[in-house]
Amino acid sequence: VMADFKKAATELAKTLVGKALPPALLETWLYSRKFPEGQRPDPDGRRWDDPIVPWRFVDRIDPEFVVEAVKSLKIEQNVAKKLSRKTAKLAHHAHRQLRQQIQGKTLEKRQVSVGLVMPGTSPRGATEKDSPFTQSSSSSIRPLKSKAIASISDKDVIAVKSGKTILRVNGTHYRKLRVLFQRAVGRSSASDFDFHDKLFVLLLRYEAVQGGGFQAAADGDVFDCLLRFFDVAFECFASPLNCRYSTFCSGFYDIDKFFGSMGSFFHFSPKAGSFQANPPFVPALIAAMAVHMDALLEATELPLSFVVIIPAWRHTTGWNKLAESAFLRHEELIAQADHGYCEGKQVLRRNRYRIASFDTSVFFLQNKAGSELWRVTEEAITALREAFRSKQDTKPRGEGPGSSPPVSGEKRQWATHQSDAAKAHAAPKRAKKTASGGASTQLEEEEEEEEE
């Protein structure tokens, strides 16, 4: 359904303006349109909804989409508004089509199977840049037996199959997601059959929403720096695919909860702690985030701090709300040429790094107690700028932001909140004040337990 919707939206743009709709612009529209649905109750009281396909506010004009459409497509504002309305009608139709397919039917539960993509092969017609949502011949995939799961390496590519749909994930992220699942549901009840069912849904969900750019994450060095100087050990906007720690906030709680998500940041109300926020780059969402942060900082006298990483879009409401916040302690501007990010689709790519597309603003929002406990010093800013430098092609394949650098042998450690805090210089007491609640066991220790 989403594939048909995106195709129709692209054709609509070609008809109206003679140009294809850029994927990033369509992603902006989807996030801008879906976000208000989650913030306001359905006026008709209907319960049926879809986590991805927007269907309400059909006649609503999306201001951010209009601005970006005028800029990227070089069209008049009235044409951009028309494009926004007609795209909304296409989405409403897609939602109705999806609801008709599901309601009144008993959906057949299809078995999920996993296998190794054999070296030198890939799903039919697929390349490294292709989507993982691939109709494929199974001839290039070797079934993966239960006993072999623990020996999966970073270089392996895992195929997760249900029906005719095959999704791919690299070995590093497969292992990481398996550990997240075991921690979230409890090791004693974490069967690989259940894990593979949830993994398939997770991969399909994030493929359907696309968002390769919106799922981009800061490099591990940035997380290490924020942990060292500010005890940051929790992400306000992440996903199981790109998270650094074992608990986090994310957009799709219905499936992400099985991998450690605590739900939406907008339903998250910490009283103390130090947090990082790298939200999807959607102006309306950033503005709402700024309002929520100000309210949280105002409501507590305990140490509370947010490090916010967003594009330096000074023309947007969200950027200005952060810049004008009464709790702003510092804003650091990092030029586009001086930094990079990790690919949003790093679960598939051999090179997980990407060069930044624009200047970045790093905001430090802290209440009085937070600013005294986590001071924004010149040393910290210098270290942060160095950590942000693009590392494209400088590290081996497979080191995701949820992974720390290689350790002895072929194993890699995946650091969580308390384990990282213990390695940080005498920070564990302060780190305990964060609300991550992450488990302290490292991936390497879990692997050793499995071997035993």
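In this predicted model, D194 has a relative accessibility of 25% and counts as partly exposed. Its salt-bridge partner is K198, with the closest N and O atoms 2.6 Å apart. K198 is buried, since its relative accessible area of 18% falls under the 20% limit for that class. Because K198 and D194 are four residues apart in helix α6, about one helical turn separates them.

This pair belongs to a set of twelve salt bridges in the structure. Another of them joins R178 to D192, where the closest N and O atoms are 3.0 Å apart. Here distant parts of the chain are linked, as R178 sits in helix α5 and D192 in helix α6, 14 residues away. R178 is buried, at 13% relative accessible area.

Helix α5 also takes part in a salt bridge between R175 and D154, with an N to O distance of 2.8 Å. D154 lies in the loop between β3 and β4, so the bridge ties together parts that are 21 residues apart in sequence. R175 is buried at 9% relative accessibility, and D154 is buried at 8%.

A buried arginine is also found in the loop between β6 and β7: R244, with a relative accessible area of 2%. The R244 side chain makes a polar contact of 2.6 Å with the side chain of D224.

Turning to helix α4, which spans residues 77–102, K86 is found there and is partly exposed at 35%. K86 joins K81, K82, R85 and K89 in a patch of positive charge on the surface. Q97, in helix α4 as well, is partly exposed at 26%. Q97 and V1 are 96 residues apart in sequence, yet their C-alpha atoms are 7.7 Å apart in space.

Key
Residues numbered from 1 in each chain as written. Predicted model: local features only at pLDDT ≥ 70, side-chain atom pairs only at ≥ 80, totals over all residues. Heavy atoms only, no water. Patch = residues over 30% accessible without salt bridge, like charges linked within 9 Å, V, L, I, M, F, W, Y side chains within 5 Å. Areas by Shrake-Rupley, 256 points an atom, 1.4 Å probe, with all protein chains shown as cover. Salt bridge = Lys/Arg side-chain N within 4 Å of Asp/Glu carboxyl O. Lys, Arg positive; Asp, Glu negative; His and termini not counted. Charge placed at Lys NZ, Arg CZ, Asp CG, Glu CD. Helix = DSSP H or I, 4+ residues; strand = E, 2+ residues; numbered from the N terminus. Buried < 20%, exposed > 50% of the residue type's maximum accessible area, 1.4 Å probe, protein only. Polar contact = N/O pair within 3.5 Å; in protein donor to acceptor, adjacent residues only side chain to side chain.
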